[in-house]
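Hello,

Here is the structure I promised to pass on to you. Have a look at it first, and then read my notes below.

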Amino acid sequence: MAQISLSSLSPPSSSAATVSSLQLRRRIFLRSLNVQASASSSSSSLHLKPKVVVTRERGKNAKLVNALAEHGINCLELPLIQHTQGPDLDRLSSVLSADTTFDWIVITSPEAGSVFLDAWKAAGTPNVKVGVVGAGTASIFKEVMQSSKQSLNVAFAPSKAIGKVLALELPKHGNKRCTVLYPASVKASSEIEEGLSNRGFEVTRLNTYTTVPVHHVDQMVLEQALSAPVVAVASPSAVRAWVNLISESERWGNSVACIGETTALAAKRLGLRNVYHPTNPGLDGWVDSILEALRVHDQL
């Protein structure tokens, strides 16, 4: 697999780079603090029997909750995972500040996008061309794209919002050397860098963040979640966290609505039976899959 050695990318030696790195780590740490599941997170849901459990990090469920509210569906928020710093986080802003430039920055999740933006700003907002996996990830860059500087350009999204299609379709001009920086989750598979490398791209992967289960789940909230017809999950990590929670509830057999195919395959591998997912990942398709699951449960 063709890769760029990080040792060839000389980080800045100035104290400014160290300060930027510390500020970046602080932002990541602060983002990870507000993620524990508790009864207070969904106090309004305690008065109405929820139909759908939403499981993203606290503060990241609003779009789905609002979309389902338009269909009269009450949700219970039960964050299952939290994002924490990855081993390569400190390198990201240094690599972006170095003289070496990349033809593409590949971003495949909203969290990867948020972490990248923090590092990009710490590096002085250099000119970059970004390829995203889909509309949800692209939305992270909306505010920056509207700025006057226009030093960040989201220039590509694949025909289908999954990693293997991105690896097949990312533009490459002839036999010219083409470099890719891929900031990713520690838990992301090697599918993208291998697919790109097989096409002749030179790929530098940085594991900038990871996902871990939340440290505490309120038992009252969990009991409500177990009785809800549908649990909505957006990543394999969230599926694993849910399966670990219900391991002692052998009779649980309600539905799981996944944001896309990758998460759905993880759910099936872990033994969940009533699994729904859209053909194309994204909010609209996810909502449709949730509605389909609720219809099967006669909850609509």
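**Around arginine 205**

Arginine 205 touches Asp88, Tyr182, Ala184, Ser185, Val186, Ala188, Ser189, Ser190 and Glu193, leaving out residues up to four places away in sequence. Please keep in mind that this is a predicted model. Arginine 205 is part of strand 8, which covers residues 202-213. Is this arginine buried or exposed? Arginine 205 counts as buried because its relative accessibility is 16%, and the cut-off for buried is under 20%. Its side chain makes a polar contact with the side chain of glutamate 193, at 3.0 Å. The side chain of arginine 205 also reaches the backbone oxygen of alanine 188, at 2.9 Å.

One residue on that contact list, alanine 184, sits in strand 7 (residues 179-185). With a relative accessibility of 1%, alanine 184 counts as buried too. Setting aside residues up to four places away in sequence, alanine 184 touches Arg205, Leu206, Asn207, Thr208 and Tyr209. Between alanine 184 and tyrosine 209 there are 6.9 Å from C-alpha to C-alpha, although the two are 25 residues apart in sequence.

**The sheet and its helices**

Strands 7 and 8 belong to an open sheet of 6 strands, in the order 3-8-7-4-5-6 and with mixed pairing. Strand 3 (81-85) and strand 6 (152-156) stand at the edges with a single partner strand each, so one side of each has no neighbour in the sheet. On average, neighbouring strands of the sheet are turned by 30° against each other, direction ignored. Within the sheet, strand 4 (residues 104-107) pairs with strand 5 (residues 128-132) in the parallel sense over 3 bridges. Valine 106 has glycine 131 in strand 5 as its bridge partner.

Two helices to look for here are helix 3 and helix 8. Helix 3 (residues 89-97) lies across strands 3, 4, 5, 7 and 8, at about 145° to strand 8. Helix 8 (residues 191-198) lies across strands 4, 7 and 8, and runs at about 170° to strand 8.

**The nonpolar cores**

The largest nonpolar core has 26 residues, and Val53, Leu78, Val233, Trp242, Trp252, Cys258 and Leu272 have the most contacts inside it. Helix 10 gives the largest share of this core, 5 residues. Beyond its neighbours within four places in sequence, tryptophan 242 is in contact with Leu78, Leu80, Leu222, Ala225, Leu226, Val231 and Trp252. Another core lies apart from this one; it has 23 residues, including Leu117, Val130, Leu152 and Leu206.

Enjoy exploring!

Methods. Residues are numbered from 1 along each chain as its sequence is written. This is a predicted model: local features need pLDDT of at least 70, side-chain atom pairs count only at pLDDT 80 or more; totals for chains, interfaces and linings use all residues. Side-chain values use heavy atoms; hydrogens and water are left out. A nonpolar core is a set of buried Ala, Val, Leu, Ile, Met, Phe, Trp, Tyr and Cys residues joined through side-chain atoms within 4.5 Å. Buried means under 20% relative accessible area, exposed over 50%, partly exposed in between (1.4 Å probe, protein chains only). Helices (H or I, at least four residues) and strands (E, at least two) are DSSP runs, numbered from the N terminus. Contact means heavy atoms within 4.5 Å. A polar contact is a pair of N or O atoms within 3.5 Å; within protein, one must be able to donate a hydrogen and the other to accept it, and residues adjacent in sequence count only if both atoms are side-chain atoms. Two strands pair if DSSP finds at least two bridges between them. Axes are lines fitted to C-alpha atoms, for helices over the stretch in contact, and angles run from 0 to 180 degrees between N-to-C directions.
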